[in-house]
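Visitor: Hey, can you walk me through this one? I'd like to start with the ligand.

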Amino acid sequence: MMFPEYRARRLRRTQAIRDLVRETSLSLNDLIYPLFIVEGKGIKEEIKSMPDVYRFSIDKVLEEIKSAVDLGIKAVLLFGVPDKKDEVGTSAFVKEGIIQRAVKAIKDKFPELVVITDVCLCEYTSHGHCGIVKKGQGSVEVDNDETLEIIAKVAVSQAKAGADIVAPSGMMDGMVSAIREALDEAGYHHTAIMSYSVKYCSSFYGPFRDAAESAPKFGDRRSYQMDPGNAREAMREATLDVQEGADILMVKPAMPYLDIIRMLKDNFYHPIAAYQVSGEYSMIKAAAQLGYLDEERILMESLIGIKRAGADLIITYFAKKVAEILQKR
Ligand code: PBG
């Protein structure tokens, strides 16, 4: 009985040995950096509930991306915060929309960078819901099929602007097949789909809704996002997305749902993405600012945990910071 314990201890003796037997590691290839883009010029405004995260105008986001690319970041996920909102989110799919112009500017300057765009209406609708709202009922009802037509247009307009991957996040039924069909019909066979397959109705999105000005004006998203108590339902959602042609499956948020990440990893052969969302970011930031936790260590530990659970890709507001830490090592 003594012998195996002794051996186990020796494997932890030096850093080099620990490195040799390490099962999970984090690399620059795993990171996706989310960015918020607003209208205007020369704008870089900090988001109050997300220290060190900013809303950028297009000219400024190019500078930010330059610094990210210099650090070795290979992918960004773009969210648009438009000036104009209406009932159906028109500014999400027009050619001169904020995201369409941003993607074009970014791709012109950084052709190698993987540009991923959020396909959702909540930032673009006056009511802040992710789809077309049917009024009158007690709970908020989104008209699923009407919404599909619009988000298909959004995805095509983003592909046209140069997006490599579109990421539908609204949890509408049939959104992946609607987008795949529309992309193929328009000739964008190579544009991939990263689906927010398993998106929980989570309070961890709070700070994001500040950032993207996308908080619902009435009701909540319970009728279209998942109940945090459900795991088997996540399998159903992911299965449908796979059948509909999703290329990457995402779980969101990440840390409270590590079991779901693992479940998807074990049951599908698709790359699995995890989104470390705004609330997860802000909690770490706040605790660090209060001196309760060591920011660098906590963020690296949280990300390695997400990776170990099975994520191949991690969307994180810490992306640049992680890249800096990885470069120091
Ligand atoms: C919806 C969307 C949300 C997030 C990403 N896409 C918010 C929501 O569903 O309310 C949240 C991301 C985060 O919290 O960092 N377009």
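Visitor: Which residues come nearest to the ligand?
Guide: Of the 18 residues around the ligand (a heavy atom within 4 Å of it), Lys-199, Arg-209, Lys-252, Ser-278 and Tyr-317 come nearest. This is a predicted model, where local features need pLDDT of at least 70 and side-chain atom pairs count only at pLDDT 80 or more, while totals for chains, interfaces and linings use all residues. Residues are numbered from 1 along each chain as its sequence is written, and side-chain values use heavy atoms, with hydrogens and water left out.

Visitor: How does that shell divide into nonpolar, polar and charged?
Guide: Nine are nonpolar, three polar and six charged. Here Ala, Val, Leu, Ile, Met, Phe, Trp, Tyr, Cys and Pro count as nonpolar, Asp, Glu, Lys and Arg as charged, and the others, Gly among them, as polar.

Visitor: What lies 2.6 Å from an oxygen atom of the ligand?
Guide: A polar side-chain atom of Arg-209. Ser-278 also has a polar side-chain atom by a ligand oxygen, at 2.7 Å. The protein covers 100% of the 410 Å² of accessible area that the ligand has on its own (Shrake-Rupley method, 1.4 Å probe).

Visitor: Switching topic, where is Gly-97 found?
Guide: Gly-97 is in the loop between strand S4 (75-81) and helix H4 (98-109); helices (H or I, at least four residues) and strands (E, at least two) are DSSP runs, numbered from the N terminus.

Visitor: Why does Gly-97 count as buried or exposed?
Guide: Gly-97 counts as buried because its relative accessibility is 4%, and buried means under 20% relative accessible area (1.4 Å probe, protein chains only).

Visitor: How far apart are Gly-97 and Val-38?
Guide: They're 59 residues apart in sequence and 10 Å apart in space, C-alpha to C-alpha.

Notes
A polar contact is a pair of N or O atoms within 3.5 Å; within protein, one must be able to donate a hydrogen and the other to accept it, and residues adjacent in sequence count only if both atoms are side-chain atoms. Buried means under 20% relative accessible area, exposed over 50%, partly exposed in between (1.4 Å probe, protein chains only).
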